[in-house]
Structure formats: C-alpha cells, structure tokens
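Trainee: I am new to this structure and would like a close look at a single part of it. Could you choose one strand and take me through its surroundings with some care?

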Amino acid sequence: MDDIKNWKFSKSVSPEEVSGYLEQLMLLTPGTSVTFDLSDTVNIHSHVIGFLIHAKHHMEKIGGKLTIILSLTVEKILIMLNIREYFSPDIMMALNRKTA
C-alpha cells in the first residue's frame, strides 16, 4: 500500500522549515504520495521555490506522487516566475484561498 504524507506549510515559510522538509523528503520511499499544503502560505522566499522544484524532481525520480495545494499568493508568484505550468499536473487549488 502507498504511504501518504500531508505536509502543512506555515503562513510564512522560513529557511529552517524548508531544511526540515528537505530532510524528510530525502527519507521518502518509492511509491510515497505527498501533499504540500500551502493554502495558508502568504510569504515565501526563493528557497521555497527551489525546494518545490527539487521536490517535484525527487518525487518523479522515486516514483512517488506530489500534490500541491496553493494559496492565491503562491499561485501568483509561480505565475510571475513563469513556472506554474511546470507544477500544473500536481496543483490543487485551495477552496479557501488566502492572499497577502
């Protein structure tokens, strides 16, 4: 049976938080499904974007599934950076979307 993980990101994601998520990501086993819930996140820095790109690549490499739930703010940032489409198949929109 697949292992399912749900990771809830804070309103303002710190570099330390990303380091913790990166450590957890490296411990995932093949077939794991992970949901990144950024529905409450309104402040992100480039380290978060880098982590999301790395996580998508890593999950594909280990045959896992990544789902990302975006706040309106995070979605706008991904659009401005012209990388939203890169995450397209993995994105779910939060029903209660928050903005900064």
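Mentor: What follows is a walk around strand 2, with a short look at the chain before it and at some salt bridges after it.

Please keep in mind from the start that this is a predicted model. The secondary structure of the chain comes to four helices and four strands, and from the N terminus on these elements follow one another in the order β-α-β-α-β-α-α-β. Of the 100 residues in the chain, 43% are buried, and the chain exposes about 5,700 Å², of which carbon and sulfur atoms supply 58%. If we take the contacts with a separation of 6 or more, residues 24 or more positions apart account for 77% of them.

Now to the strand itself. Strand 2 covers residues 33-38, and because six of its six residues are buried, it is largely enclosed by the rest of the structure. In a regular strand the side chains alternate between the two faces of the sheet. Here, Ser33, Thr35 and Asp37 point one way from strand 2, while Val34, Phe36 and Leu38 point the other way, and all of these residues are buried.

Let us turn next to the neighbours. Strand 1, which spans residues 4-8, runs parallel to strand 2 and is joined to it by five bridges; within this pairing, Ile4 has Ser33 of strand 2 as its bridge partner. Strand 3, residues 65-70, also runs parallel to strand 2, and here six bridges join the two. Ser33 takes part in this pairing as well, with Lys65 of strand 3 as its bridge partner.

The connections between these strands can be followed along the chain. Strand 1, helix 1 (residues 15-26) and strand 2 make a right-handed β-α-β unit, and strand 2, helix 2 (residues 46-61) and strand 3 make a right-handed β-α-β unit too. Strand 2 therefore belongs to both units, as the strand that follows helix 1 in one and the strand that precedes helix 2 in the other.One residue of the strand deserves a longer look. The side chains of Asp37 and Lys8 meet in a salt bridge, at 3.3 Å from N to O. Since Asp37 lies in strand 2 and Lys8 in strand 1, the pair ties together parts that are 29 residues apart in sequence. Asp37 is buried, with a relative accessible area of 17%, a value that falls under the 20% limit for buried residues, whereas Lys8, with a relative accessible area of 41%, is partly exposed.

The structure holds six salt bridges, and another one of them involves helix 2, the helix that comes after our strand in the second unit. The side chains of Asp90 and Lys56 meet there, at 2.7 Å from N to O. This pair links distant parts of the chain, with Asp90 in the loop between helix 4 (84-87) and strand 4 (91-93) and Lys56 in helix 2, 34 residues apart. Asp90 counts as buried at 11% relative accessibility, and Lys56 counts as buried at 7%.

A further salt bridge joins Arg84 to Glu85, with the closest N and O atoms 4.0 Å apart. Arg84 counts as buried at 18% relative accessibility, while Glu85 is exposed, with a relative accessible area of 60%. To return to the strand, salt bridges that share partners join Lys8, Asp37 and Asp40 into one network.

Methods
Residues are numbered from 1 along each chain as its sequence is written. This is a predicted model: local features need pLDDT of at least 70, side-chain atom pairs count only at pLDDT 80 or more; totals for chains, interfaces and linings use all residues. Side-chain values use heavy atoms; hydrogens and water are left out. Buried means under 20% relative accessible area, exposed over 50%, partly exposed in between (1.4 Å probe, protein chains only). Contact means heavy atoms within 4.5 Å. Accessible areas come from the Shrake-Rupley method with a 1.4 Å probe; for residues, only the protein chains shown count as cover. Two strands pair if DSSP finds at least two bridges between them. A crossover is right-handed if, with the strands pointing away from the viewer, the path from the first strand over the helix to the second runs clockwise.
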